[in-house]
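Reader: Please take one part of this model and describe it closely, from its backbone pairing to its side chains. I would like each term to come with its cut-offs.

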Amino acid sequence: MRFFWYSLLLILIYSCNSNKNKRKALIDFIPKHTQVVIKSPNLDNLKSSVENNAFLNTLSKTDNYEDLKRTLTPLSYLNINETSLICLSKTEEDSTQYSFI
């Protein structure tokens, strides 16, 4: 009986894993196959900068820009004043996906 209790205690001690994956930085949460990462300390400032950027305004006439704008439309409803990341990636079907962190 003593062997059973020692074996059980030994199994419990070694099965407990105290190594927790502690992710603290935003960069730790970026998806694996991300192609573009946009980091912004304030989402509202990023929105206004994109709208007022002369280079992006010249690209606004292209189909790719319109597709990206349509994809990112839900972000316009967010009101976040903290550092955030927008991660863009392509799928196998050649469509654009984004992750907002």
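Author: What follows is a close look at strand β2, its pairing, some of its residues and a pocket that it helps to line.

The model is predicted, so local features are taken only where pLDDT is at least 70 and side-chain atom pairs only at pLDDT 80 or more, while totals for chains, interfaces and linings use all residues. Residues are numbered from 1 along each chain as its sequence is written, and side-chain values use heavy atoms, with hydrogens and water left out.

Helices (H or I, at least four residues) and strands (E, at least two) are DSSP runs numbered from the N terminus, and two strands pair if DSSP finds at least two bridges between them. Strand β2 covers residues 84-90 and runs antiparallel to strand β3, residues 96-100, to which 5 bridges join it. Within this pairing Ser89 has Gln97 of β3 as its bridge partner, and Leu88 stands opposite Tyr98. The two strands form a hairpin with 5 residues between them, and in the turn Asp94 has a positive phi of about 65 degrees.

The hairpin belongs to an open sheet of 3 strands, in the order β1-β2-β3, with antiparallel pairing. Because β1 (36-40) and β3 stand at the edges and have a single partner strand each, one side of each is left without a neighbour in the sheet. From one strand to the next the twist averages 20 degrees, where axes are lines fitted to C-alpha atoms (for helices over the stretch in contact) and angles run from 0 to 180 degrees between N-to-C directions.

Two residues of β2 deserve attention, with buried meaning under 20% relative accessible area, exposed over 50% and partly exposed in between (1.4 Å probe, protein chains only). Contact means heavy atoms within 4.5 Å. Ser84, in strand β2, is buried, with a relative accessible area of 2%; not counting residues up to four places away in sequence, Ser84 touches Leu26, Ile38, Lys39, Ser40, Leu43, Phe100 and Ile101. Cys87, also placed in β2, is buried at a relative accessible area of 2%. Beyond four places in sequence, the contacts of Cys87 include Val36, Val37, Gln97, Tyr98 and Ser99. The C-alpha atoms of Cys87 and Gln35 are separated by 7.4 Å, although the two residues lie 52 residues apart along the chain.

Strand β2 also contributes to the lining of the largest pocket, to which β1, α2 (43-51), α3 (54-59), α4 (63-71) and β2 each supply at least two residues. A pocket is an open set of points on a 1 Å grid over the protein atoms alone, where a 1.4 Å probe fits, with protein on both sides within 12 Å along at least five of seven lines; lining residues have an atom within 4 Å of a point. The volume of this pocket is about 970 Å³, counted as the space filled by probe spheres set on the points, which are joined across faces, edges and corners. Of its 28 lining residues, Val50, Tyr65, Leu68, Lys69 and Leu72 are the closest to its centre. Helix α4 gives the largest share, 6 residues. Leu68, which lies in α4, is partly exposed at 29% relative accessibility and touches Leu88 and Thr96, not counting residues up to four places away in sequence.
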